[in-house]
Amino acid sequence: IIINSYHHQAVKDVAPNMTAIAWHPDGTNEAIIHNELPIIGVQWHPEKKFENGDDSWRILIDFVESCKKQI
């Protein structure tokens with residue numbers, strides 16, 4: 001997917017229960033996911049550039065829905 005990648009920090013060493021799932025062409029880790037729990041971490045800002053139905057939109061919607069379940 002195309003993302004907005006304009007950061008100066010990134011995850012270098014992924015925790016044991018996490019897996020890297022996306023990388024910038026320069027090798028920078030852009031996303032991680034927990035191996036068992038419904039946790040995903042993204043390096044970019046999905047709220048800054050998204051359109052209904054794209055990958056960043058789905059990440060935001062899934063996050064909001066997960067939060068609603070916790071209330």
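Colleague: Which residue in β2 is the bridge partner of T19?

Modeller: In this predicted model, T19 is bridged to I33 of β2. A second bridge into β2 links W23 with N29.

Colleague: What makes β1 and β2 count as paired strands?

Modeller: The cut-off is at least two bridges between the strands. β1 and β2, the latter covering residues 29-34, share five bridges in the antiparallel sense. Five set against a cut-off of two means that they are therefore a pair.

Colleague: How do you know that β2 and β3 pair, and in which sense do they run?

Modeller: Three bridges join β2 to β3, and at least two are needed, so the criterion is met. The two strands run antiparallel. Within β3, V42 is the bridge partner of A31.

Colleague: How many residues lie between the strands of each hairpin?

Modeller: The hairpin of β1 and β2 has five residues between its strands, and the hairpin of β2 and β3 also has five. In the turn between β1 and β2, G27 has a positive phi of about 95°.

Colleague: Why are β1 and β3 described as standing at the edges of the sheet?

Modeller: The sheet is open, with three antiparallel strands in the order β1-β2-β3. β1 (18-23) and β3 (40-42) each have a single partner strand, so one side of each is left without a neighbour in the sheet. From one strand to the next, the twist averages 20°.

Colleague: What makes β2 a mostly covered strand?

Modeller: Buried means under 20% relative accessible area, and five of the six residues of β2 are buried. In the protein as a whole, 15% of the 71 residues count as buried.

Colleague: Why does R58 count as partly exposed?

Modeller: The relative accessibility of R58 is 45%. Partly exposed is the class between under 20% and over 50%, so R58 belongs to it. R58 is found in helix α1. Between the C-alpha atoms of R58 and P46 the distance is 9.3 Å, with twelve residues separating them in sequence.

Colleague: What pattern does the protein follow along the sequence?

Modeller: The pattern is β-β-β-α, made of one helix and three strands. Among contacts between residues at least 6 apart in sequence, 20% join residues at least 24 apart.

Colleague: Which element gives the most to the lining of the largest pocket?

Modeller: Helix α1 does, with seven residues. β3 and α1 (55-70) each supply at least two residues of that lining. The lining comprises 15 residues, and P38, I39, I40, F63 and S66 are those nearest the centre of the pocket. Its volume is about 400 Å³.

Colleague: How do you know that empty space is left there?

Modeller: Rolling a probe the size of a water molecule over the atoms shows where such space remains.

Colleague: What is the make-up of the lining of the largest pocket by class?

Modeller: Ten lining residues are nonpolar, three are polar and two are charged. Of the residues nearest the centre, P38, I39, I40 and F63 are nonpolar, because Pro, Ile and Phe count as such. S66, also nearest the centre, is polar, because Ser belongs to neither the nonpolar nor the charged list.

Note on methods. Residues are numbered from 1 along each chain as its sequence is written. This is a predicted model: local features need pLDDT of at least 70, side-chain atom pairs count only at pLDDT 80 or more; totals for chains, interfaces and linings use all residues. Side-chain values use heavy atoms; hydrogens and water are left out. Helices (H or I, at least four residues) and strands (E, at least two) are DSSP runs, numbered from the N terminus. Axes are lines fitted to C-alpha atoms, for helices over the stretch in contact, and angles run from 0 to 180 degrees between N-to-C directions. On a 1 Å grid over the protein atoms alone, a cavity is a set of points where a 1.4 Å probe fits but cannot get out, and a pocket is an open set with protein on both sides within 12 Å along at least five of seven lines; lining residues have an atom within 4 Å of a point. Grid points are joined across faces, edges and corners, and a volume is the space filled by probe spheres set on the points. Buried means under 20% relative accessible area, exposed over 50%, partly exposed in between (1.4 Å probe, protein chains only). Contact means heavy atoms within 4.5 Å.
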